[in-house]
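Colleague: I'd like to go through this one a feature at a time. Please take it slowly and explain the terms as they come up.

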Amino acid sequence: AAVAVVATWLMVGALVYFVAGNCSTVPRLERDGSVSDVTVCPWTFPQSFYFSVQTGLSIGFGLFEETEPASKSYSMVHIVLGSSVMSGALAMFAHIILVRMNFIEVAEKKVVSATHSKLCLDDFSGVNSHELCRLIVTYPHFAEKLIFKLEVDPEKAQERIDLFQRATVKGKIRLAKELVREARQHLHGFMNSEDEARVVDEEGDHCLSLVRRFRAHHALLINLGILTSWTALGIFFSVHFDNNDFLTGFYFSVSTLSTAGMVAVKTVESSAHVLFAAFFALVGVPIYAMFLGSFANILVENVSRSRTQDTVRDELWRSEKEFGERWAQHESKERVGFSEFMELQLLRMGRIDRECMESLRRHFDQLDPDHSGFIDANSLWKTRDAIDVRSTKST
């Protein structure tokens, strides 16, 4: 639909300029390579289409000069519509970036939360080796948990944790693989699939590393290849058909794709020249925009992922801190009940925080005025009905 709208907009512009009756003095490329001026009156349809594209996309080669008031009046509308199209494309791109950032954050928190819960509950089923290695390197909290599960001696465990924290990124990757392999051998139910073990062993393969990098940036690389090919096509046209040197041809190609319009074609009398320049700009500008979008997406993704990781690290640290504080209150007890066990585990997994627990406890105390440790079921249902009534009124 968007392509149809743009095509209609450019064709309407071409028709308006074609029937407007503009007359211009334009350059003509002679056989000997020299350039002479000729008068074109009125513009041909290819020339009108060329002017519609260069005006609408704000390239402004400047070879044509409008002479009719009606044409100039329409050009103002044509330029505004072109700016609206560009603004709409930028707004859509910004929206896509925001959605992408939110998706990255939600997906990362979901993976971290699920894996953290499994490690807290000693449930290792379904934990992926690659994902766990990445989490160990990104969040040292996971390394500490695995080390304490694998190492009986607390001093040795702390030595391994210190070694991991001092290691470089490559060193942490190597230590993470060793931790996962060790966990497979000693922790019950952890990654008992032979395929998973083989995948971990192949993680350091150079070819696989290159493939993963290509997959991570395949959109940027594909767009770069298309942009390079299209730029080369513009250089070829400028050098072989406009008799320019390579540098000028390169300049023409890049300035056209970026809508700078610093170098124009040498002649607009030839229909072939103006049609090529028009379609080269019409197709090339979106290609250039797609490349910039892919490049910006990688930058945004890296920044967003880094910020998300910082947030997740803080949440993991907070959940462990709150778990430790709550555990200290129960440490003197010989036994704990299910409710206390659930509270401790939920705090440890980061599913709730102390503030939420205290809020629930205060609510319970309000429903238990005699502090018997139990509340009347009718009181609970009345509370639920009151909540339902409030929610109904709000809607």
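**Helix α2 and the loop before it**

Colleague: Which residue just after α2 takes a positive phi of about 60 degrees?

Modeller: First, this is a predicted model, where local features need pLDDT of at least 70, side-chain atom pairs count only at pLDDT 80 or more, and totals for chains, interfaces and linings use all residues. Residues are numbered from 1 along each chain as its sequence is written, and side-chain values use heavy atoms, with hydrogens and water left out. Now look just past the end of α2: the residue there with a phi of about 60 degrees is Ser 58.

Colleague: How many residues of α2 are buried?

Modeller: Helix α2 covers residues 45-56 and reaches 16 Å from first C-alpha to last, close to the 16 Å expected (1.5 Å times one less than its number of residues). Buried means under 20% relative accessible area (exposed is over 50%, partly exposed in between; 1.4 Å probe, protein chains only). Among the residues that pass are Phe 49, Tyr 50 and Phe 51. Out of 12 residues in α2, the buried ones number 11.

Colleague: Which proline has a cis peptide bond before it?

Modeller: Most peptide bonds are trans. Here the bond starting at Cys 41 is cis, with omega near -5 degrees. Its proline sits in the loop between β2 (35-40) and α2. That proline is Pro 42.

**Strand β2**

Colleague: How far is Ser 36 from Thr 25 in space, C-alpha to C-alpha?

Modeller: Ser 36 is in strand β2, and a relative accessible area of 24% makes Ser 36 partly exposed. Beyond neighbours within four places in sequence, Ser 36 is in contact (heavy atoms within 4.5 Å) with Val 26, Pro 27, Arg 28 and Glu 30. Thr 25 is 11 residues away from Ser 36 in sequence, and the gap in space is 10.0 Å.

**Helices that pack together**

Colleague: At what angle do α10 and α11 pack?

Modeller: The axes of α10 (218-241) and α11 (246-257) are 8 Å apart; axes are lines fitted to C-alpha atoms, for helices over the stretch in contact, and angles run from 0 to 180 degrees between N-to-C directions. The pair counts as oblique, as angles under 35 degrees are roughly parallel, over 145 roughly antiparallel, 65 to 115 roughly perpendicular, and the rest oblique. The contact includes Trp 230 of α10 and Phe 250 of α11. The packing angle is about 130 degrees.

Colleague: Which residue in the loop between α10 and α11 has a positive phi?

Modeller: Most residues other than glycine have a negative phi. In this loop, a residue other than glycine has phi near 55 degrees. Its relative accessibility is 43%, so it counts as partly exposed. The residue is Asn 243.

Colleague: How many charged residues are in the contact of α4 with α7?

Modeller: The axes of α4 (129-138) and α7 (169-186) come within 9 Å and cross at roughly 130 degrees, which makes α4 oblique to α7. The contact includes Leu 132 and Ile 136 of α4, along with Lys 172, Lys 177 and Arg 184 of α7. Asp, Glu, Lys and Arg count as charged; Ala, Val, Leu, Ile, Met, Phe, Trp, Tyr, Cys and Pro as nonpolar; the others, Gly among them, as polar. Besides eight nonpolar and one polar, the charged residues number three.

**The whole protein**

Colleague: How many helices are there?

Modeller: Buried residues make up 34% of the 395 residues. Helices (H or I, at least four residues) and strands (E, at least two) are DSSP runs, numbered from the N terminus. Alongside two strands, the number of helices is 15.
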